[in-house]
Amino acid sequence: MNRITVVDENVESNISSKLSFQVVPSHNEFEIARLEIQIKKSCSLELFFTSSSKRWKIVIEVAEGVDSKIYCYQNLLNGKVQYRFQIPQKSTVEFYKFQGIASSKEMVEAHLLGEGATFHSFLKDISKEKETLDYYIYHDAPKTVSNIRNNIVTVEEGKVTLQVSTFIPKGMVGSIASQNNRILNFSDKKSEIRPNLYVEEYDVSANHSALIGRFSEEELFYLMSRGISEKEASRLLLKGFLLSDITNKKMRKKIELSTKKEWR
Amino acid sequence: MHTLEIKDLTVTVEGKEILSSFTLTIKSGEIHAIMGPNGTGKSTLTKVIMGDPTYRVEKGTILFDGEDITKLSVDERAHLGLFLGMQSPIAIEGVSNADFLRTVVSSKEGKNFKLFPFIKELDQVIDQLEMDHDMIDRDVNQGFSGGERKKNEILQMYLLKPSMVLLDEIDSGLDVDSLRIVGENVTAYQKESQCGILLITHYRRLLEYIHPTHVHIMIDGKIVASGDFKLVDYVEKNGYEKMEKKEVISGTCIVKELARHE
(Lines give C-alpha, C1' and ligand atoms only; values in the text may rest on other atoms or scores of the structure.)
Protein backbone atom coordinates (compact mmCIF):
# COMPACT_ATOMS: atom_id res chain seq x y z
CA MET A 1 0.00 0.00 0.00
CA ASN A 2 1.16 3.56 -0.69
CA ARG A 3 2.27 5.46 2.37
CA ILE A 4 2.98 9.09 3.23
CA THR A 5 4.18 9.96 6.74
CA VAL A 6 4.10 13.51 8.02
CA VAL A 7 5.72 14.39 11.35
CA ASP A 8 5.52 18.12 11.90
CA GLU A 9 7.20 19.33 8.70
CA ASN A 10 9.13 16.19 7.89
CA VAL A 11 7.54 14.16 5.12
CA GLU A 12 8.52 10.62 4.13
CA SER A 13 6.91 8.47 1.51
CA ASN A 14 6.79 5.10 -0.14
CA ILE A 15 4.44 5.43 -3.09
CA SER A 16 3.81 3.93 -6.51
CA SER A 17 3.38 5.76 -9.81
CA LYS A 18 -0.40 5.74 -9.25
CA LEU A 19 -0.05 8.89 -7.21
CA SER A 20 2.29 11.80 -6.66
CA PHE A 21 2.64 14.56 -4.08
CA GLN A 22 4.47 17.73 -3.29
CA VAL A 23 5.09 19.66 -0.10
CA VAL A 24 5.04 23.42 0.23
CA PRO A 25 6.55 24.11 3.67
CA SER A 26 5.62 27.10 5.78
CA HIS A 27 8.27 29.75 6.28
CA ASN A 28 7.02 31.08 9.59
CA GLU A 29 4.62 30.11 12.34
CA PHE A 30 1.71 31.98 10.75
CA GLU A 31 1.96 30.30 7.35
CA ILE A 32 0.20 27.11 6.47
CA ALA A 33 2.25 24.19 5.19
CA ARG A 34 0.68 22.38 2.23
CA LEU A 35 0.73 18.76 1.23
CA GLU A 36 -0.71 18.28 -2.26
CA ILE A 37 -1.53 14.74 -3.30
CA GLN A 38 -2.65 13.77 -6.81
CA ILE A 39 -4.25 10.36 -7.20
CA LYS A 40 -4.01 9.39 -10.85
CA LYS A 41 -5.12 5.75 -10.78
CA SER A 42 -7.27 3.66 -8.45
CA CYS A 43 -5.27 2.79 -5.35
CA SER A 44 -5.11 2.85 -1.55
CA LEU A 45 -3.06 5.26 0.50
CA GLU A 46 -2.00 5.31 4.15
CA LEU A 47 -1.47 8.75 5.55
CA PHE A 48 0.21 9.01 8.95
CA PHE A 49 -0.12 12.51 10.21
CA THR A 50 1.45 13.75 13.45
CA SER A 51 1.76 17.42 14.19
CA SER A 52 2.04 19.69 17.19
CA SER A 53 1.26 23.38 16.88
CA LYS A 54 1.83 23.43 13.08
CA ARG A 55 -0.85 24.37 10.60
CA TRP A 56 -1.35 22.10 7.63
CA LYS A 57 -3.49 22.05 4.55
CA ILE A 58 -3.75 18.71 2.80
CA VAL A 59 -5.18 18.86 -0.70
CA ILE A 60 -6.17 15.61 -2.35
CA GLU A 61 -7.04 15.72 -6.03
CA VAL A 62 -8.41 12.63 -7.70
CA ALA A 63 -8.39 11.98 -11.45
CA GLU A 64 -11.60 11.11 -13.34
CA GLY A 65 -12.92 7.58 -13.00
CA VAL A 66 -10.59 6.74 -10.12
CA ASP A 67 -11.57 4.88 -6.93
CA SER A 68 -9.34 5.56 -3.96
CA LYS A 69 -9.24 4.52 -0.34
CA ILE A 70 -7.38 6.72 2.11
CA TYR A 71 -6.57 5.42 5.58
CA CYS A 72 -5.52 8.33 7.73
CA TYR A 73 -3.98 7.97 11.19
CA GLN A 74 -3.90 11.34 12.80
CA ASN A 75 -2.32 12.48 16.04
CA LEU A 76 -2.56 16.18 16.63
CA LEU A 77 -1.67 18.20 19.68
CA ASN A 78 -2.73 21.82 19.51
CA GLY A 79 -2.54 21.53 15.74
CA LYS A 80 -4.73 22.80 12.96
CA VAL A 81 -5.36 20.85 9.82
CA GLN A 82 -7.53 21.26 6.79
CA TYR A 83 -8.31 18.48 4.31
CA ARG A 84 -9.61 19.44 0.89
CA PHE A 85 -10.85 16.76 -1.51
CA GLN A 86 -11.51 17.47 -5.18
CA ILE A 87 -13.49 14.63 -6.68
CA PRO A 88 -14.39 14.75 -10.41
CA GLN A 89 -17.02 12.72 -12.27
CA LYS A 90 -17.24 8.94 -11.79
CA SER A 91 -14.63 9.02 -9.05
CA THR A 92 -14.96 7.75 -5.50
CA VAL A 93 -13.02 8.62 -2.38
CA GLU A 94 -13.36 6.53 0.78
CA PHE A 95 -11.71 8.44 3.62
CA TYR A 96 -11.16 6.44 6.81
CA LYS A 97 -9.65 8.41 9.65
CA PHE A 98 -8.69 7.32 13.14
CA GLN A 99 -7.39 9.78 15.65
CA GLY A 100 -6.65 9.74 19.33
CA ILE A 101 -5.62 12.19 22.05
CA ALA A 102 -6.57 15.08 19.82
CA SER A 103 -6.54 18.69 20.79
CA SER A 104 -7.09 20.33 17.52
CA LYS A 105 -9.08 22.33 15.06
CA GLU A 106 -9.83 20.49 11.93
CA MET A 107 -11.72 21.12 8.71
CA VAL A 108 -12.68 18.63 6.05
CA GLU A 109 -13.89 20.05 2.77
CA ALA A 110 -15.11 17.87 -0.08
CA HIS A 111 -16.01 19.17 -3.53
CA LEU A 112 -18.03 16.76 -5.64
CA LEU A 113 -17.32 18.21 -9.05
CA GLY A 114 -18.87 15.89 -11.64
CA GLU A 115 -21.73 13.40 -12.09
CA GLY A 116 -21.17 10.21 -10.15
CA ALA A 117 -18.59 11.78 -7.82
CA THR A 118 -18.83 10.02 -4.45
CA PHE A 119 -17.33 10.80 -1.05
CA HIS A 120 -17.53 8.41 1.91
CA SER A 121 -15.99 9.67 5.13
CA PHE A 122 -15.62 7.57 8.27
CA LEU A 123 -14.14 9.20 11.34
CA LYS A 124 -13.25 7.20 14.47
CA ASP A 125 -12.04 9.48 17.20
CA ILE A 126 -11.08 9.07 20.87
CA SER A 127 -11.00 12.60 22.20
CA LYS A 128 -9.25 13.53 25.45
CA GLU A 129 -8.97 17.26 24.86
CA LYS A 130 -10.85 20.12 23.28
CA GLU A 131 -11.54 19.44 19.65
CA THR A 132 -13.34 21.32 16.88
CA LEU A 133 -14.31 19.48 13.73
CA ASP A 134 -15.94 21.18 10.75
CA TYR A 135 -17.09 19.32 7.67
CA TYR A 136 -18.19 21.11 4.52
CA ILE A 137 -19.55 18.95 1.73
CA TYR A 138 -20.35 20.63 -1.58
CA HIS A 139 -22.46 18.81 -4.16
CA ASP A 140 -21.30 20.88 -7.12
CA ALA A 141 -22.75 18.55 -9.80
CA PRO A 142 -25.93 16.49 -10.25
CA LYS A 143 -26.04 12.82 -9.18
CA THR A 144 -23.30 13.18 -6.62
CA VAL A 145 -23.15 11.17 -3.40
CA SER A 146 -21.85 12.00 0.07
CA ASN A 147 -21.94 9.76 3.13
CA ILE A 148 -20.47 11.17 6.33
CA ARG A 149 -20.27 8.95 9.41
CA ASN A 150 -18.55 10.30 12.50
CA ASN A 151 -18.15 8.11 15.60
CA ILE A 152 -16.48 9.96 18.46
CA VAL A 153 -15.79 8.94 22.05
CA THR A 154 -14.91 11.59 24.62
CA VAL A 155 -12.92 10.64 27.73
CA GLU A 156 -11.11 12.59 30.48
CA GLU A 157 -11.20 16.26 29.36
CA GLY A 158 -12.64 15.46 25.94
CA LYS A 159 -14.97 18.12 24.57
CA VAL A 160 -15.97 18.03 20.92
CA THR A 161 -17.75 20.54 18.76
CA LEU A 162 -18.74 18.83 15.54
CA GLN A 163 -20.33 20.71 12.69
CA VAL A 164 -21.26 18.99 9.46
CA SER A 165 -22.68 21.11 6.66
CA THR A 166 -23.84 19.67 3.37
CA PHE A 167 -24.70 21.96 0.46
CA ILE A 168 -26.89 20.89 -2.45
CA PRO A 169 -27.60 23.91 -4.68
CA LYS A 170 -30.47 24.21 -7.17
CA GLY A 171 -30.06 22.00 -10.22
CA MET A 172 -28.03 19.24 -8.52
CA VAL A 173 -30.79 16.71 -9.20
CA GLY A 174 -30.44 13.09 -8.17
CA SER A 175 -27.85 13.83 -5.50
CA ILE A 176 -27.77 11.78 -2.32
CA ALA A 177 -26.44 13.14 0.97
CA SER A 178 -26.30 11.37 4.29
CA GLN A 179 -24.88 12.37 7.67
CA ASN A 180 -24.65 10.17 10.75
CA ASN A 181 -22.96 11.86 13.70
CA ARG A 182 -22.61 10.16 17.07
CA ILE A 183 -20.70 11.09 20.19
CA LEU A 184 -20.38 8.74 23.17
CA ASN A 185 -19.72 11.14 25.98
CA PHE A 186 -17.71 9.75 28.91
CA SER A 187 -16.11 13.03 29.97
CA ASP A 188 -17.64 15.65 32.26
CA LYS A 189 -17.49 18.24 29.48
CA LYS A 190 -20.35 19.07 27.19
CA SER A 191 -20.01 18.14 23.53
CA GLU A 192 -22.06 19.46 20.67
CA ILE A 193 -23.20 18.37 17.21
CA ARG A 194 -24.47 20.83 14.61
CA PRO A 195 -25.75 18.98 11.58
CA ASN A 196 -26.75 21.24 8.66
CA LEU A 197 -28.33 20.32 5.36
CA TYR A 198 -28.58 23.28 2.97
CA VAL A 199 -30.74 21.88 0.19
CA GLU A 200 -32.10 24.06 -2.61
CA GLU A 201 -33.12 21.27 -5.01
CA TYR A 202 -36.27 19.12 -4.58
CA ASP A 203 -35.16 16.06 -6.53
CA VAL A 204 -32.57 14.84 -4.05
CA SER A 205 -32.31 12.54 -1.06
CA ALA A 206 -30.82 14.09 2.07
CA ASN A 207 -30.88 12.85 5.65
CA HIS A 208 -29.03 13.17 8.90
CA SER A 209 -28.98 11.66 12.35
CA ALA A 210 -27.20 13.02 15.40
CA LEU A 211 -26.81 11.47 18.83
CA ILE A 212 -24.89 12.37 21.97
CA GLY A 213 -25.13 10.00 24.89
CA ARG A 214 -23.87 6.76 26.35
CA PHE A 215 -24.64 3.11 25.69
CA SER A 216 -28.32 2.25 25.68
CA GLU A 217 -29.77 0.31 28.63
CA GLU A 218 -31.14 -2.17 26.10
CA GLU A 219 -27.69 -2.97 24.68
CA LEU A 220 -26.16 -3.38 28.13
CA PHE A 221 -29.05 -5.59 29.27
CA TYR A 222 -28.66 -7.86 26.24
CA LEU A 223 -24.93 -8.36 26.77
CA MET A 224 -25.20 -8.73 30.55
CA SER A 225 -27.99 -11.30 30.17
CA ARG A 226 -25.27 -13.48 28.60
CA GLY A 227 -23.15 -13.26 31.73
CA ILE A 228 -20.90 -10.45 30.51
CA SER A 229 -20.05 -7.94 33.27
CA GLU A 230 -21.09 -4.31 32.84
CA LYS A 231 -17.46 -3.26 32.38
CA GLU A 232 -16.76 -5.89 29.75
CA ALA A 233 -20.09 -5.13 28.00
CA SER A 234 -19.15 -1.43 27.84
CA ARG A 235 -15.74 -2.30 26.41
CA LEU A 236 -17.33 -4.52 23.77
CA LEU A 237 -19.87 -1.84 22.80
CA LEU A 238 -17.16 0.81 22.62
CA LYS A 239 -15.05 -1.40 20.42
CA GLY A 240 -18.04 -2.03 18.16
CA PHE A 241 -18.79 1.68 17.98
CA LEU A 242 -15.27 2.46 16.82
CA LEU A 243 -14.83 -0.56 14.55
CA SER A 244 -18.09 -0.29 12.61
CA ASP A 245 -17.48 0.45 8.90
CA ILE A 246 -13.78 -0.40 9.23
CA THR A 247 -12.73 -3.49 7.27
CA ASN A 248 -9.02 -2.69 6.85
CA LYS A 249 -7.17 -5.08 9.19
CA LYS A 250 -4.37 -2.67 10.10
CA MET A 251 -6.77 0.10 11.04
CA ARG A 252 -8.95 -2.32 13.01
CA LYS A 253 -5.90 -3.48 14.95
CA LYS A 254 -4.84 0.07 15.78
CA ILE A 255 -8.35 0.93 16.97
CA GLU A 256 -8.52 -2.25 19.08
CA LEU A 257 -5.18 -1.45 20.72
CA SER A 258 -6.31 2.09 21.56
CA THR A 259 -9.62 0.81 22.91
CA LYS A 260 -7.80 -1.64 25.20
CA LYS A 261 -5.46 1.12 26.38
CA GLU A 262 -8.19 3.66 27.07
CA TRP A 263 -10.77 1.24 28.45
CA ARG A 264 -9.03 -1.11 30.88
CA MET B 1 -32.43 -30.23 40.47
CA HIS B 2 -33.07 -26.48 40.14
CA THR B 3 -36.11 -24.44 41.13
CA LEU B 4 -37.20 -20.97 40.09
CA GLU B 5 -39.84 -19.53 42.42
CA ILE B 6 -41.62 -16.27 41.73
CA LYS B 7 -43.56 -15.29 44.84
CA ASP B 8 -46.23 -12.60 45.02
CA LEU B 9 -44.32 -10.37 42.58
CA THR B 10 -45.65 -6.91 41.84
CA VAL B 11 -43.74 -4.88 39.24
CA THR B 12 -44.20 -1.36 37.92
CA VAL B 13 -42.69 0.71 35.17
CA GLU B 14 -43.04 4.50 35.32
CA GLY B 15 -45.68 4.08 38.02
CA LYS B 16 -47.81 1.66 35.99
CA GLU B 17 -48.40 -1.79 37.43
CA ILE B 18 -47.41 -4.51 34.95
CA LEU B 19 -47.21 -7.61 37.13
CA SER B 20 -49.66 -8.00 39.96
CA SER B 21 -48.94 -10.41 42.84
CA PHE B 22 -47.58 -12.89 40.30
CA THR B 23 -46.73 -16.36 41.60
CA LEU B 24 -45.21 -19.30 39.73
CA THR B 25 -42.76 -22.14 40.44
CA ILE B 26 -40.73 -23.92 37.75
CA LYS B 27 -38.61 -26.98 38.46
CA SER B 28 -35.96 -28.73 36.40
CA GLY B 29 -37.50 -30.86 33.68
CA GLU B 30 -40.73 -28.82 33.58
CA ILE B 31 -41.83 -26.78 30.58
CA HIS B 32 -44.24 -23.97 31.44
CA ALA B 33 -45.98 -22.17 28.58
CA ILE B 34 -47.56 -18.80 29.25
CA MET B 35 -50.14 -17.50 26.81
CA GLY B 36 -52.26 -14.40 26.94
CA PRO B 37 -53.41 -11.30 25.08
CA ASN B 38 -50.95 -8.62 23.97
CA GLY B 39 -49.79 -6.14 26.61
CA THR B 40 -50.60 -8.35 29.54
CA GLY B 41 -47.08 -8.48 31.02
CA LYS B 42 -45.68 -11.74 29.59
CA SER B 43 -42.46 -10.25 28.16
CA THR B 44 -42.07 -8.07 31.24
CA LEU B 45 -42.12 -11.22 33.36
CA THR B 46 -39.14 -12.73 31.53
CA LYS B 47 -37.18 -9.47 31.69
CA VAL B 48 -37.88 -9.00 35.38
CA ILE B 49 -36.73 -12.55 36.14
CA MET B 50 -33.52 -11.73 34.23
CA GLY B 51 -33.09 -8.46 36.18
CA ASP B 52 -33.84 -5.73 33.61
CA PRO B 53 -33.31 -2.47 35.58
CA THR B 54 -36.08 -0.75 33.58
CA TYR B 55 -38.64 -2.41 35.86
CA ARG B 56 -39.21 -1.77 39.55
CA VAL B 57 -40.05 -4.63 41.88
CA GLU B 58 -42.58 -3.21 44.37
CA LYS B 59 -43.08 -6.38 46.36
CA GLY B 60 -42.44 -10.09 46.25
CA THR B 61 -39.34 -12.17 45.58
CA ILE B 62 -37.67 -14.25 42.90
CA LEU B 63 -35.86 -17.27 44.33
CA PHE B 64 -33.46 -19.52 42.44
CA ASP B 65 -32.61 -22.72 44.30
CA GLY B 66 -33.88 -21.03 47.45
CA GLU B 67 -31.62 -17.97 47.08
CA ASP B 68 -33.26 -14.56 46.71
CA ILE B 69 -31.99 -13.20 43.39
CA THR B 70 -34.27 -10.14 43.27
CA LYS B 71 -31.37 -7.79 43.96
CA LEU B 72 -28.73 -9.54 41.87
CA SER B 73 -27.38 -7.89 38.72
CA VAL B 74 -28.26 -9.23 35.27
CA ASP B 75 -24.89 -10.91 34.70
CA GLU B 76 -24.95 -12.49 38.19
CA ARG B 77 -28.31 -14.09 37.37
CA ALA B 78 -26.89 -15.36 34.06
CA HIS B 79 -23.96 -16.92 35.94
CA LEU B 80 -26.41 -18.78 38.19
CA GLY B 81 -27.78 -20.52 35.08
CA LEU B 82 -30.65 -18.32 33.90
CA PHE B 83 -30.93 -17.60 30.18
CA LEU B 84 -33.33 -15.33 28.32
CA GLY B 85 -33.96 -15.88 24.60
CA MET B 86 -35.35 -12.53 23.54
CA GLN B 87 -38.27 -11.64 21.33
CA SER B 88 -36.32 -8.91 19.54
CA PRO B 89 -32.61 -9.54 19.98
CA ILE B 90 -30.74 -6.29 19.38
CA ALA B 91 -28.09 -5.77 16.73
CA ILE B 92 -24.64 -4.64 17.82
CA GLU B 93 -22.79 -2.78 15.12
CA GLY B 94 -19.05 -3.35 14.83
CA VAL B 95 -18.93 -6.41 17.13
CA SER B 96 -18.51 -9.67 15.26
CA ASN B 97 -20.59 -12.65 16.33
CA ALA B 98 -17.34 -14.60 16.85
CA ASP B 99 -15.97 -11.96 19.21
CA PHE B 100 -19.29 -11.72 21.05
CA LEU B 101 -19.74 -15.48 21.49
CA ARG B 102 -16.14 -15.92 22.60
CA THR B 103 -16.62 -13.17 25.21
CA VAL B 104 -19.90 -14.77 26.34
CA VAL B 105 -18.40 -18.25 26.83
CA SER B 106 -15.12 -17.00 28.32
CA SER B 107 -17.11 -14.85 30.80
CA LYS B 108 -18.82 -18.03 31.95
CA GLU B 109 -15.82 -20.34 31.97
CA GLY B 110 -13.18 -17.86 33.14
CA LYS B 111 -9.71 -19.42 33.32
CA ASN B 112 -11.08 -22.76 32.12
CA PHE B 113 -11.98 -21.28 28.73
CA LYS B 114 -10.25 -23.10 25.89
CA LEU B 115 -10.48 -21.81 22.35
CA PHE B 116 -10.30 -25.08 20.41
CA PRO B 117 -13.20 -26.88 22.17
CA PHE B 118 -15.19 -23.61 21.87
CA ILE B 119 -14.69 -23.46 18.08
CA LYS B 120 -15.49 -27.16 17.75
CA GLU B 121 -18.74 -26.84 19.69
CA LEU B 122 -19.67 -23.65 17.87
CA ASP B 123 -19.27 -25.33 14.47
CA GLN B 124 -21.33 -28.28 15.61
CA VAL B 125 -24.24 -26.17 16.92
CA ILE B 126 -24.20 -23.96 13.80
CA ASP B 127 -24.66 -27.13 11.70
CA GLN B 128 -27.33 -28.43 14.05
CA LEU B 129 -29.32 -25.19 13.71
CA GLU B 130 -28.78 -25.19 9.93
CA MET B 131 -27.20 -21.74 10.11
CA ASP B 132 -24.81 -20.24 7.60
CA HIS B 133 -21.21 -20.46 8.87
CA ASP B 134 -20.57 -16.95 7.49
CA MET B 135 -22.78 -15.52 10.25
CA ILE B 136 -19.91 -15.98 12.65
CA ASP B 137 -17.94 -13.18 10.98
CA ARG B 138 -20.89 -10.82 10.66
CA ASP B 139 -21.75 -8.21 13.28
CA VAL B 140 -24.05 -9.48 16.07
CA ASN B 141 -27.57 -9.71 14.60
CA GLN B 142 -26.73 -6.93 12.12
CA GLY B 143 -28.67 -7.52 8.91
CA PHE B 144 -29.88 -10.89 10.24
CA SER B 145 -33.33 -12.06 9.21
CA GLY B 146 -35.90 -12.73 11.95
CA GLY B 147 -35.14 -16.45 11.71
CA GLU B 148 -31.38 -15.94 11.90
CA ARG B 149 -31.73 -13.77 15.01
CA LYS B 150 -33.83 -16.39 16.78
CA LYS B 151 -31.44 -19.18 15.81
CA ASN B 152 -28.60 -17.03 17.13
CA GLU B 153 -30.41 -16.91 20.48
CA ILE B 154 -30.72 -20.70 20.55
CA LEU B 155 -27.05 -20.97 19.56
CA GLN B 156 -26.14 -18.89 22.63
CA MET B 157 -28.38 -21.08 24.78
CA TYR B 158 -26.47 -24.18 23.65
CA LEU B 159 -23.10 -22.55 24.32
CA LEU B 160 -24.07 -21.23 27.77
CA LYS B 161 -25.79 -24.46 28.90
CA PRO B 162 -28.30 -22.78 31.25
CA SER B 163 -30.31 -24.72 33.81
CA MET B 164 -33.37 -22.41 33.57
CA VAL B 165 -34.38 -21.11 30.13
CA LEU B 166 -36.79 -18.23 29.50
CA LEU B 167 -37.95 -17.96 25.88
CA ASP B 168 -39.91 -14.87 24.95
CA GLU B 169 -41.87 -15.40 21.73
CA ILE B 170 -39.00 -17.30 20.21
CA ASP B 171 -41.42 -18.27 17.41
CA SER B 172 -42.22 -14.75 16.20
CA GLY B 173 -40.88 -13.96 12.74
CA LEU B 174 -40.01 -17.59 11.96
CA ASP B 175 -40.96 -19.41 8.76
CA VAL B 176 -42.22 -23.00 9.08
CA ASP B 177 -38.80 -24.56 8.55
CA SER B 178 -37.03 -22.27 11.01
CA LEU B 179 -39.83 -22.85 13.53
CA ARG B 180 -39.29 -26.59 13.26
CA ILE B 181 -35.52 -26.26 13.63
CA VAL B 182 -35.79 -23.93 16.63
CA GLY B 183 -38.53 -26.05 18.25
CA GLU B 184 -36.68 -29.35 17.77
CA ASN B 185 -33.41 -27.90 19.05
CA VAL B 186 -34.98 -26.42 22.18
CA THR B 187 -36.63 -29.77 22.90
CA ALA B 188 -33.36 -31.65 22.29
CA TYR B 189 -31.51 -29.31 24.65
CA GLN B 190 -34.21 -29.67 27.30
CA LYS B 191 -34.11 -33.48 27.14
CA GLU B 192 -30.32 -33.50 27.27
CA SER B 193 -29.94 -30.96 30.09
CA GLN B 194 -33.22 -31.50 31.96
CA CYS B 195 -33.42 -27.71 32.29
CA GLY B 196 -36.62 -25.91 33.27
CA ILE B 197 -38.26 -23.80 30.57
CA LEU B 198 -40.60 -20.80 30.73
CA LEU B 199 -42.02 -20.27 27.28
CA ILE B 200 -43.99 -17.23 26.16
CA THR B 201 -45.97 -17.75 22.98
CA HIS B 202 -49.13 -16.78 21.14
CA TYR B 203 -49.26 -19.83 18.92
CA ARG B 204 -50.05 -23.51 19.31
CA ARG B 205 -47.61 -24.43 16.55
CA LEU B 206 -44.48 -23.91 18.70
CA LEU B 207 -46.05 -25.96 21.48
CA GLU B 208 -46.35 -28.90 19.12
CA TYR B 209 -42.53 -28.97 18.98
CA ILE B 210 -41.86 -27.94 22.56
CA HIS B 211 -44.56 -29.85 24.42
CA PRO B 212 -45.37 -28.03 27.69
CA THR B 213 -45.92 -29.86 30.96
CA HIS B 214 -47.88 -26.85 32.27
CA VAL B 215 -49.91 -24.18 30.46
CA HIS B 216 -50.88 -20.85 32.03
CA ILE B 217 -53.08 -18.03 30.85
CA MET B 218 -51.92 -14.58 31.90
CA ILE B 219 -54.19 -11.56 31.90
CA ASP B 220 -53.53 -8.15 33.46
CA GLY B 221 -50.25 -9.16 35.05
CA LYS B 222 -51.38 -12.36 36.75
CA ILE B 223 -52.12 -15.99 35.99
CA VAL B 224 -55.88 -16.53 35.65
CA ALA B 225 -55.88 -20.16 34.61
CA SER B 226 -53.48 -23.08 34.69
CA GLY B 227 -53.72 -26.54 33.23
CA ASP B 228 -52.23 -28.90 30.73
CA PHE B 229 -52.20 -28.91 26.92
CA LYS B 230 -56.02 -28.94 26.86
CA LEU B 231 -55.91 -25.31 27.91
CA VAL B 232 -54.14 -24.51 24.63
CA ASP B 233 -57.01 -26.14 22.73
CA TYR B 234 -59.50 -24.15 24.79
CA VAL B 235 -57.78 -20.85 23.99
CA GLU B 236 -57.46 -21.79 20.35
CA LYS B 237 -61.21 -22.34 20.18
CA ASN B 238 -62.54 -19.63 22.48
CA GLY B 239 -59.86 -16.97 22.63
CA TYR B 240 -59.21 -14.98 25.78
CA GLU B 241 -62.45 -13.00 25.73
CA LYS B 242 -64.34 -15.15 28.24
CA MET B 243 -61.39 -15.26 30.60
CA GLU B 244 -61.21 -11.50 30.62
CA LYS B 245 -64.70 -11.33 32.14
CA LYS B 246 -64.30 -11.29 35.90
CA GLU B 247 -66.90 -13.98 36.60
CA VAL B 248 -65.08 -16.63 34.64
CA ILE B 249 -61.56 -15.75 35.68
CA SER B 250 -61.22 -18.56 38.19
CA GLY B 251 -59.52 -21.64 36.87
CA THR B 252 -62.45 -23.83 37.80
CA CYS B 253 -64.64 -22.21 35.16
CA ILE B 254 -62.09 -23.13 32.53
CA VAL B 255 -61.96 -26.68 33.87
CA LYS B 256 -65.77 -26.90 33.75
CA GLU B 257 -65.77 -25.59 30.19
CA LEU B 258 -63.19 -28.14 29.24
CA ALA B 259 -65.16 -30.92 30.88
CA ARG B 260 -68.20 -29.91 28.83
CA HIS B 261 -66.13 -30.07 25.62
CA GLU B 262 -64.94 -33.53 26.49
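**The interface of chains A and B, and helix α5 of chain B**

In this predicted model, about 2,100 Å² of area is buried between chain B and chain A, and carbon and sulfur atoms give 65% of that area.

Student: How many residues of chain A are in contact with chain B?

Tutor: Contact is counted for heavy atoms within 4.5 Å. On the side of chain B, 28 residues take part, and their partners in chain A number 24.

Student: Which element gives the most residues to the side of chain B that touches chain A?

Tutor: The interface holds 10 residue pairs in polar contact. Elements of chain B that give two or more residues to this side are α1 (42-50), α2 (74-80), β6, β7 (92-96), α3 and α5. The largest contribution, five residues, comes from α3(B).

Student: Which residue of chain A forms a salt bridge with Glu93(B)?

Tutor: Four salt bridges are counted between the two chains, B and A. A pair qualifies if the nitrogen and the carboxyl oxygen lie within 4 Å. For Glu93(B), the closest N and O atoms are 3.3 Å apart, and the partner is Arg182(A).

Student: Is helix α5(B) largely enclosed or not enclosed by the rest of the structure?

Tutor: Buried residues of α5(B) include Ile154(B), Leu155(B) and Met157(B). The buried residues pack against α1 (217-224) of chain A, and also against elements of chain B, among them α3 (97-109) and α6 (176-193). Because 12 of the 15 residues are buried, α5(B) is largely enclosed.

Student: How far apart are the end C-alpha atoms of helix α5 of chain B?

Tutor: At 1.5 Å a residue, the 15 residues (146-160) should span 21 Å. The model agrees with this expectation, the distance being 22 Å.

Conventions: Residues are numbered from 1 along each chain as its sequence is written. Chains are lettered from A and ligands numbered from 1 in the order in which they are written. This is a predicted model: local features need pLDDT of at least 70, side-chain atom pairs count only at pLDDT 80 or more; totals for chains, interfaces and linings use all residues. Side-chain values use heavy atoms; hydrogens and water are left out. Helices (H or I, at least four residues) and strands (E, at least two) are DSSP runs, numbered from the N terminus. The expected span of a helix is 1.5 Å times one less than its number of residues. Buried means under 20% relative accessible area, exposed over 50%, partly exposed in between (1.4 Å probe, protein chains only). Buried area is the accessible area (1.4 Å probe) that two parts lose on being put together, summed over both. A salt bridge is a side-chain nitrogen of Lys or Arg within 4 Å of a carboxyl oxygen of Asp or Glu. A polar contact is a pair of N or O atoms within 3.5 Å; within protein, one must be able to donate a hydrogen and the other to accept it, and residues adjacent in sequence count only if both atoms are side-chain atoms.
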